[in-house]
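Trainee: Could you take me closely through one part of this model, the packing of its helices? I would also like the buried polar side chains and a few loop positions that go with it.

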Amino acid sequence: MTESTPGRDRLRELLDAVLDEENTRLTDMADHAFASPFHFTRRLTRDTGESPVALRRRVLLERAAWQIGQGSSVTDAAFAAGYGSVEGFIRAFGRAFGRPPGSTTPGSGTWLSAPNGIHFHPPIHLWVEERTEDRPGMDLIALQIHHDVDDTAHLIRLAEGLSEEAYRRVRAPGLTVLEWDGPEESVAAVLDHLVRAKEVWLASIEGADLPEPGADDTGGLLERHTRVSARWIATVDDIGRRGAWGDRLIDALCDPPESFVLGSVVAHVLNYSAHRRQLVRHMLRAEGLAVGHGDPIEWLQDRHHDGGTQ
């Protein structure tokens, strides 16, 4: 790969090669940039913290979210993003955004977490956020946030296969994760607390009233989870973008009001969400369901595999 010469923006040339509509394969991108696939991948990954395939997949998903919010059909957005099937697009979109594409509205967030600040900007442009410091190639907090959201949705969908009696059966009498939340003795109770924790903490961060308890059947939970997860991802991403992890939140929902560091709130939610997700897995296994391990390694491998088979 030749180095930049005066007057050339080599990174922009590489990004153009990645995002050109006709460059659907890594070899196409490299040829467009007059480089070998090896050197093309090494240079772009070094400069952006993302591989060419991962960057293209993410930006095209952001574009698809914007298109759907503007009235495009899910089918048209799927094929425009390079997916061979609508089903594959729906799975990839749900994992990335924590909501099905059909629920996207003009007010929905369209940016995904990125290590480089490079995002789709309508109608056909890129937006590059200013970075005040270098960031690592993988944003660990973003990975944990997205994995938690995806895994929770996965468990709710698995629970749809239970009978009503099995879904609400007391399996761990007296089980309490946090004393102020009360007992969590059934699949229904643990899943409800998984979703409600984000609803309550977001209300605190946003200065809203304590939300009323919502429907706890699997359909209602999935709808609540879809709504709250998009807001949760956007909120945490905004905290990170502003470098506000050390800011303090005065939580008036507590009696008496208490002060919390924002970073500790996010860590709290992730910690107890991981615990509850494993509790649900044990309960679902008792019903003979195959639930997997909920391993972030396997989850990330699956995401990369799906992205490479568009």
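Mentor: What follows starts with the whole chain, goes on to two helix pairs, and ends with single residues.

This is a predicted model, in which local features need pLDDT of at least 70 and side-chain atom pairs count only at pLDDT 80 or more, while totals for chains, interfaces and linings use all residues. Residues are numbered from 1 along each chain as its sequence is written, and side-chain values use heavy atoms, with hydrogens and water left out.

The protein has twelve helices and four strands, taken as DSSP runs numbered from the N terminus (H or I, at least four residues, for helices; E, at least two, for strands). Of its 310 residues, 44% are buried; buried is under 20% relative accessible area, exposed is over 50%, and partly exposed is in between (1.4 Å probe, protein chains only). Contacts, meaning heavy atoms within 4.5 Å, reach far along the sequence: among those between residues at least 6 apart, 61% join residues at least 24 apart.

Now the helix pairs. Two packed helices are described by the angle between their axes and the distance between the axes. Take α7 (residues 140-159) and α11 (residues 262-286), whose axes are 10 Å apart at an angle of about 30°. Here axes are lines fitted to C-alpha atoms, for helices over the stretch in contact, and angles run from 0 to 180 degrees between N-to-C directions. At that angle α7 is roughly parallel to α11; the label covers angles under 35 degrees, with over 145 roughly antiparallel, 65 to 115 roughly perpendicular and the rest oblique. The crossing of α7 and α11 is left-handed, in that the near helix is turned anticlockwise from the far one by less than a right angle (clockwise would be right-handed). On the α7 side, the contact is made by Q144, I145, H147, D148, D151, T152, H154, L155, L158 and A159. On the α11 side, V266, L270, S273, R277, V280, R281 and L284 take part. The residues of this contact of α7 with α11 divide into eight nonpolar, five polar and four charged. In that count, Ala, Val, Leu, Ile, Met, Phe, Trp, Tyr, Cys and Pro are nonpolar, Asp, Glu, Lys and Arg are charged, and the others, Gly among them, are polar.

The second pair is α4 (residues 52-69) with α6 (residues 86-97): their axes come within 11 Å and cross at roughly 100°. This makes α4 roughly perpendicular to α6. From α4, the residues L61, E62, A64, A65 and I68 meet F89, A92, F93, A96 and F97 of α6. By class, the residues of this contact of α4 with α6 are nine nonpolar, no polar and one charged.

E62 has a further partner. The side chain of H119 makes a polar contact of 2.8 Å with the side chain of E62. A polar contact is a pair of N or O atoms within 3.5 Å; within protein, one must be able to donate a hydrogen and the other to accept it, and residues adjacent in sequence count only if both atoms are side-chain atoms. H119 sits in strand β1 (residues 118-121) and is buried because its relative accessible area is 1%.

Another buried polar pairing involves E184, in the loop between α8 (164-168) and α9 (187-206). With 0% relative accessibility, E184 counts as buried. Its side chain and that of R276 are joined by a polar contact of 2.6 Å. Not counting residues up to four places away in sequence, E184 touches L175, V177, A189, V190, H193, R276 and M283.

L175 belongs to the loop between α8 and α9, but is partly exposed, at 23% relative accessibility. Beyond its neighbours within four places in sequence, L175 is in contact with P183, E184, E185, L279 and M283. Its C-alpha is 9.9 Å from that of V190, 15 residues apart in sequence.

Some loop positions remain. D139, between β2 (125-128) and α7, is partly exposed with a relative accessible area of 22%. D139 and S113 are 26 residues apart in sequence, and their C-alpha atoms are 8.0 Å apart. A33 lies in the loop between α2 and α3 and is buried, at 3% relative accessible area. F34 is found in the loop between α2 (26-32) and α3 (37-48), and is exposed, at 74%. Most residues other than glycine have a negative phi. The phi of F34 is positive, near 55°.
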